[in-house]
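Let's walk through this structure together, starting with its charged side chains and ending with its pocket. Keep the viewer open as you read.

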Amino acid sequence: MNRKELIDALSAKTGSSKADADRNIAALIETITSTLKKGDNVALVGFGTFEVRKRAARTGRNPATGAELKIKASKAPAFKAGATLKAAVNGGKK
């Protein structure tokens, strides 16, 4: 499902306009992004948790030359599914 299909589904499910659904999705994404930028988590009980994970600096290799290179430490956004979502995907109930 892409963003347009998500907007269509949300608008059909809620009875709102597609423009409203698009604004709601954009606001949700913006809110999650800004919260993660601050280093906080977003926990949606039953659905899952958006969090920032730290990646340590490490040594890698250039695949073309085989030369070693240093990869800087970084932060990466991550999503951890909740028990209810896992159960729904696996066909069971929680």
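Is R3 buried, partly exposed or exposed? With a relative accessible area of 40%, R3 is partly exposed. Before going further, please keep in mind that this is a predicted model.

Now look at what R3 does with its side chain. Side chains of opposite charge can pair when their charged atoms come close. Here the side chain of R3 meets that of D22 in a salt bridge, with 3.1 Å from N to O. R3 belongs to helix 1 (residues 3–14) and D22 to helix 2 (residues 18–37), so this pair ties together parts that are 19 residues apart in sequence. D22, like its partner, falls in the partly exposed class, and its relative accessibility is 30%.

That pair is one of six salt bridges in the structure. Another one joins the side chains of K4 and D8, at 3.2 Å from N to O. This contact stays inside helix 1, where K4 and D8 are four residues apart and thus separated by about one helical turn. The two partners differ in how they meet the surroundings: K4 counts as exposed at 57% relative accessibility, whereas D8 is partly exposed at 23%. The cut-offs explain the labels, because exposed means over 50% and buried means under 20%.

For a further example, go to R53 and E51. Their closest N and O atoms are 2.9 Å apart, and the two residues form a salt bridge. R53 counts as partly exposed, at 39% relative accessibility. E51 has a relative accessible area of 13% and is buried. Elsewhere, salt bridges with shared partners join K4, D8 and K18 into one network, and the K4–D8 pair is the bridge you have already met.

From the charged pairs, let's turn to the pocket. What is the volume of the largest pocket? The value is about 170 Å³. Its lining is made up of L6, I25, L28, I29, I32, T33, L44, F47 and F50. Helix 2 gives the largest share of this lining, with five residues.

Which classes of residue line the largest pocket? Eight of the lining residues are nonpolar, one is polar and none is charged. The polar one is T33, because Thr is not among the residues that count as nonpolar or charged. Helix 2 therefore appears in both parts of this tour: D22 in helix 2 pairs with R3 in helix 1, and helix 2 supplies the largest share of the pocket lining.

Terms used. Residues are numbered from 1 along each chain as its sequence is written. This is a predicted model: local features need pLDDT of at least 70, side-chain atom pairs count only at pLDDT 80 or more; totals for chains, interfaces and linings use all residues. Side-chain values use heavy atoms; hydrogens and water are left out. A salt bridge is a side-chain nitrogen of Lys or Arg within 4 Å of a carboxyl oxygen of Asp or Glu. Helices (H or I, at least four residues) and strands (E, at least two) are DSSP runs, numbered from the N terminus. Buried means under 20% relative accessible area, exposed over 50%, partly exposed in between (1.4 Å probe, protein chains only). On a 1 Å grid over the protein atoms alone, a cavity is a set of points where a 1.4 Å probe fits but cannot get out, and a pocket is an open set with protein on both sides within 12 Å along at least five of seven lines; lining residues have an atom within 4 Å of a point. Grid points are joined across faces, edges and corners, and a volume is the space filled by probe spheres set on the points.
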